[in-house]
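Here is a quick tour of a model, going from the overall picture down to single residues. Have a look at the structure first, then read on.

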Amino acid sequence: MKRHSETLPFLSLCRSSFRQGLVTGSKPVVHPILHWLLQRVAELKKRAYLARFLVKLEVPTEFLLDDVINDTYHQYEELVEGFKTYHKECEHLRNSGFSTAEIRRDINAMEEEKDQLIKRVERLKKRVESVSNHQRMLEQARQLRVEKEREESLTHQKQEQKNQLFQAEQRLLRLQQQLKDLRQAAADATPDSLMRRLEEEIKINTYMVTEKLPKELEGMRRTVQCMQKVASEPAMGQGDLQGMEDKIKAVDSQINQLIEKRMMRNDPIDDKLTLYRQQASIIIRKKETKAEELQEAREELAAAERELKQRGSHGQGPHGEEVIRGDELKRLVAKLRSKGTIYKKKRQGIAELRAEYGVLQRTEEILKQRHDTIQQKLQTVEAEKGISGYSDTQEELERVSAIKSELDEKKGRTLDDMSEMVKKLNSMIVEKKSALAPIIKELRSLRQRRVVSI
């Protein structure tokens, strides 16, 4: 129905009015038709072309009882199916990006290359004919080429057989591991253990079906009902929200009063029941937690099995055997081993650096403690001798002298730089003078000639 309404939107009118408007050429009827047609010109051309060949002829059943008509109709259906296949291939070739001009250019280029090769072969034949025993040499060259091709084929077969052998070994190892696992599982698979496992599984499934899942379903239903109730109610304003908050506060105060009354009553029977209720709620929560963990573990197991099946289906050959590239696996193993060795070396280096850092940190702490102790003793001795602050003054003087030596060194470097710059300038002046000397001499001679001529 949707497809029909999309293709013919103008049929929303009643049939009689539509037919009448179409006959009379009414604009409200004709213009939508033209608009619909002009938007889909390419699509409608394709549909009109395919309709000539794909719309099957309706042959009555009583005519198909004739053998000739029946055979002809079957041939007609086969031709229709063949036309579908050819049309799909043609569309695929049109959309693949290959044009007839490109194919013709490729054919012309290949023909030119073929002519060049033929001419080259003719030249080589003429060159070889002048050599004695050229037929024998050509036969030997042909045999050499055949043997080389055979050698390449044998090398390829050898590599394939190596890969198949490696795959067979890997498959044998996997089957041996599976056999080992099955034997270990069969060792514990006594009737009593199987019955216990089945009973535990039945209990878990019973709990899931009778308690956990119905509670979750009921909770989801209540949530949906609350959502539907909230969605059906009109929009709430600030006053409505304030009223709801007041009701919540009143209910909370009533709950607190009831709790206080219950605590004041202090009935020992209620205390025992409370203890039992608490224990029961704790057990229920534990059961729910374990059931959720079990459900998550089952989902993870199912996902892992699906992934394993998918990987197995992708990694199977045409006969069901698992395809593993031997060279790729060897390279991967070698790469992992090298990375593992590098990782171990780096980790060992980090451990050594950490140990050295700990030793240095401890040494620093010990030296700081010794320094503090010596400073305290020095201050005590200075106080006894009446020269308190002498060591601080000495350190300050040493610091100032160090700063002064740095400044003097900077000044010396600056003077050296300035003297070097002066030398460079003097050398540049000398070079310029030497370059200008012949020009000055020529200028003087020209001046003298000018004076004599005047």
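## The big picture

Keep in mind that what you're looking at is a predicted model. The protein is helical throughout its pattern, which reads α-α-α-α-α-α-α-α-α-α-α-α along the sequence. That comes to 12 helices and zero strands.

How much of the chain is buried? Of its 454 residues, 6% count as buried. The exposed surface adds up to about 41,300 Å², and carbon and sulfur atoms supply 58% of that. As for contacts between residues at least 6 apart in sequence, 53% of them join residues at least 24 apart.

## Helix α3: two sides

Helix α3 runs over residues 27-39, and its 13 residues should span 18 Å at 1.5 Å a residue; the C-alpha atoms at its ends are indeed 18 Å apart, so the two values agree.

Which residues of α3 are buried? They are Val-29, Ile-33 and Trp-36. These three cover an arc of only 65° around the axis, which means that they sit on the same side of α3. The general geometry helps here: with 3.6 residues a turn, an α-helix has residues three or four places apart pointing the same way. Turn to the other side of α3 and you find Lys-27, Pro-28, His-35, Leu-38 and Gln-39, which are exposed.

## Helix α5 and its cover

Next up is α5, made of residues 67-95. From first C-alpha to last, this 29-residue helix reaches 42 Å, close to the 42 Å expected at 1.5 Å a residue. Its buried residues are Tyr-73, Val-80, Phe-83 and His-87, and what covers the buried residues of α5 includes α4 (41-54).

His-87 is worth a closer look. This residue of helix α5 counts as buried because its relative accessibility is 16%, and the cut-off for buried is under 20%. What does His-87 touch, leaving out residues up to four places away in sequence? The answer is Lys-46, Tyr-49 and Leu-50.

## Gln-295 in helix α10

Further along the chain, Gln-295 lies in helix α10, which covers residues 268-314. With a relative accessible area of 30%, Gln-295 is partly exposed.

How far apart are Gln-295 and Met-208, in sequence and in space? They are separated by 87 residues in sequence, while their C-alpha atoms are 9.3 Å apart in space.

Definitions and conventions:
Residues are numbered from 1 along each chain as its sequence is written. This is a predicted model: local features need pLDDT of at least 70, side-chain atom pairs count only at pLDDT 80 or more; totals for chains, interfaces and linings use all residues. Side-chain values use heavy atoms; hydrogens and water are left out. Helices (H or I, at least four residues) and strands (E, at least two) are DSSP runs, numbered from the N terminus. The expected span of a helix is 1.5 Å times one less than its number of residues. Buried means under 20% relative accessible area, exposed over 50%, partly exposed in between (1.4 Å probe, protein chains only). The arc is that of the directions from the helix axis to the C-beta atoms. Contact means heavy atoms within 4.5 Å. Accessible areas come from the Shrake-Rupley method with a 1.4 Å probe; for residues, only the protein chains shown count as cover.
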